Structures are given as structure tokens and as C-alpha cells.
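Got the model open in your viewer? Here is a short walk through it, one selection at a time.

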Amino acid sequence: MADTQQRIPWVDALRGLAIILMVPANLSPYFAEPHPMWFRILGSFAAPVFIMLSAGMVILTAERHSLNYFLKRGGLIILTGALIDTLLWKIFPFTSFDVLYPIGLALPLMYMLRNVESRELLYITIIFVIGTYVLQLIFGYHAETLEVYFDDMFLPAPGRLLQSWFIDGWFPIFPWLGYAVLGALLFRTIFAGDLVAKYHIMGIGAALTIIGFVLLFVPVSASTLRNLANESILEVRGGYSEIFYPPTFAYIFTSTGLVILFATILRRVHHLGPLGILAFFGKHSMMVYILHQAMGAWIIEPWIASAGLETIASGLLFTGVNLAVLAGIALICFGIDKAKLRYPPQSTYARILFGR
């Protein structure tokens, strides 16, 4: 694969699309329940995109970096997740397992797997998928996440902590590190230059999407496979209503298929045009991730409380709130871009937060 030091527009556009889906999904605790099914489904596909793209970019740029580089970068991403847990949510880090934790772990892992054969990457992915189901079957899946708040401290049992890391945290190692391995495999295929392989993987993406949606909505026994039809997937978890609580075969197939389809389609778009707004958000993904959560906790929640309400009941008003959040973030990121022209980020952490 050809190494590149420039941004890849379609990658930024795909990441930006994930951001547009992520913001309302992460603000869903401020939206009155029950959440519409279409809203639950659309908000469920941002995390796989972020993790797969992060891993894929490691594969694409590994030749000009060392393991220490990815260890440092991954560690700083995990540090950001820990700071969000500590400063924003007032909980002890490494308990509920924020999405930045598996992303940070994936960077050095993917570097170490960069020379592994594609078939072996597929086998590793399958192990993660099957392991997710087996671990849930053996150890169970807690509907409530493990969160140790500063004002309600307790010492979790080691087994419960491990279960949060590997099985039932917000984004546990199983299956989310499996998405990273799959992202590495996807990038190898997309950048291989083999047109047959590219069309082949598009067909795989379509097939996985169809199979996944069938598994999600066709009733099966609750004792065998969880899906939406038998209501064994949680409706909400801490106010969040994504359909990966818990992660299931149906969700993994559907999300993988959709990411493959959108990646292969956007890969063929040579001029983004109006999609450039997606690429703009994609370039600032870390800043968007931090800002929208801070706006939710420090602006939206107090505003709702001041109105004497618990949540926003109107879907139209909730849509307006999300558009206002995105517009505010866009203005901040535009200012950051202007500042970077005069003061380019020098440290690795500054580049993670603000982009190059």
C-alpha cells in the first residue's frame, strides 16, 4: 500500500458521517423515551466507524512510524478518555470503559499486527466475534454499567471490573477490538489496487448488512440469540438507546456490512462537493467528541433543568438542539483551523486534540 502524509478526503468524510450520527446518539439521555427505532439504529454505527478507521490508518501509515509512536499516541487517547471520565462525568476512569479506551489500545496492537496475513486477520476477527457471544453466555451481561462516582465511592470486585473491561462496559474489549482488526483488513483490501477484490468486498458488505437486519428483526428464542424482535436487546442503558447493548451477532454483521459499504462507496468519490462538510467534521473528530459531551453536560442539561423539565419531549426541539450543537462546534473548529495557520500544533497531544 502506498504510504501517504496527506489527509484522505473520503476517510475524513466517512468519519464526519459517523460524527453526524454520534452527536444525537450521545445526547440521547436528554431526549424523552422511548426513542424511535430509526433513531436507535442510526445512532449505533458511529463507534464501529471510528474504531475501524483508526486501525486502518495505522496500517496505512505504519511504514513511517515506530511502535513507540503508536504506544504514545494510543496512551494519549486513553488519557483523554480518562480525563473525560474524571472531569466531565466525575467517575473513576477505567471502570465503565469509554470508547476512547479500545481506540487507544488498538493503535499499538494494529502496528504489531501490520505484517500478519489478511486471512489471519480475518481469523482473529472471528475469534473476537465468537468470543463476545461466549463470554456473555458464560459470565452474563449487566444491564447497568460499572461506574464508580467520586461522591459514591466503593471498591468493585476484581471480577466485576474485568467483566466491565471485557464484556459489559460501554465499549468492552469484546467485540470492539475485533472491529479494529477488521478495520485493518478492510484498509488492506480497499488500498490493494485490485478491482476484483474491491467489488468482492462490496458484495460482502451488502450480504452482511442484509443478514444482520434479518437477524435483528426476525423473532428468535430469547434463550438463543438476542435481537430487537424478541426485545432481548436493551431499550436504553443509562439513557442511551443504541442497539449494541449488548453487542450481538446481528449488530456485528449489520454494522460491519454498513461500514464496508459506505467505505467502498466513498472511496470512489473523487470530488466531495457538498460532502466536504462531512470531511470538515471528520478532520476534527477528537475535538467534536470532547465538545459535544461538554456542551451536553454543561449547557443542555442545566438548560433543561432551568425549564423545570427532565428531558426534551419534542423531537423537533431535540433536532434543533443537535443542529445548534453542531453549528457551535463547527465555529469552534473553524477558529482552531485559523489559529493553526499561525501556531501549528507541535506536540503529539496537541495534534491529537486539534489535528495537524
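Start by selecting M202 and everything it touches: beyond its neighbours within four places in sequence, M202 is in contact with L261, T264, I265 and R268, where contact means heavy atoms within 4.5 Å. M202 belongs to helix 9, residues 195-217. Helices here are DSSP runs of H or I with at least four residues, strands are E runs of at least two, and both are numbered from the N terminus. With a relative accessibility of 22%, M202 counts as partly exposed; on this scale buried means under 20% relative accessible area, exposed over 50%, and partly exposed in between, using a 1.4 Å probe and protein chains only. Now draw a line from M202 to H292: the two C-alpha atoms are 33 Å apart, for 90 residues of sequence separation.

A word on what you're looking at: this is a predicted model, in which local features need pLDDT of at least 70 and side-chain atom pairs count only at pLDDT 80 or more, while totals for chains, interfaces and linings use all residues. Residues are numbered from 1 along each chain as its sequence is written, and side-chain values use heavy atoms, with hydrogens and water left out.

Next, jump to F94, in the loop between helix 4 (67-88) and helix 5 (100-112). Which residues does F94 contact, leaving aside its neighbours within four places in sequence? Show I78, A82, D85, Y101, L161 and W165 and you have them. F94 is partly exposed, at 36% relative accessibility. For a longer view, measure from F94 to T254: they sit 160 residues apart along the chain, and their C-alpha atoms are separated by 28 Å.

Stay in that loop and pick K90, which also lies between helix 4 and helix 5. Check its backbone: phi is positive, about 60°, although K90 is not a glycine. Its relative accessibility is 44%, so K90 counts as partly exposed.

For another positive phi, go to E231, in the loop between helix 9 and helix 10 (249-267). E231 is a residue other than glycine, and its phi is near 60°. This one is exposed, with a relative accessible area of 65%.

Now colour helix 7, residues 158-168, and pick out its buried residues: R160, Q163, S164, I167 and D168. Look down the axis of helix 7: these residues fall within an arc of 115°, so they line one face of the helix. (The arc is taken over the directions from the helix axis to the C-beta atoms.) As a reminder, an α-helix has 3.6 residues a turn, so residues three or four places apart point the same way. What do the buried residues of helix 7 pack against? Bring up helix 6 (118-139) and helix 8 (173-190) to see their partners.

While helix 8 is showing, find P175, which is part of it. The peptide bond joining F174 and P175 is cis, with omega about 10°. Then swing over to P34, in the loop between helix 1 (9-26) and helix 2 (37-42). The bond from E33 to P34 is cis too, its omega near 0°.

Last stop: select L122, which is in helix 6 and is partly exposed, with a relative accessible area of 38%. Add Y123, I126, I130, V134, L137, I138 and F139, and together with L122 you have a nonpolar surface patch of about 780 Å².

Methods:
Patch = residues over 30% accessible without salt bridge, like charges linked within 9 Å, V, L, I, M, F, W, Y side chains within 5 Å. Areas by Shrake-Rupley, 256 points an atom, 1.4 Å probe, with all protein chains shown as cover. Salt bridge = Lys/Arg side-chain N within 4 Å of Asp/Glu carboxyl O.
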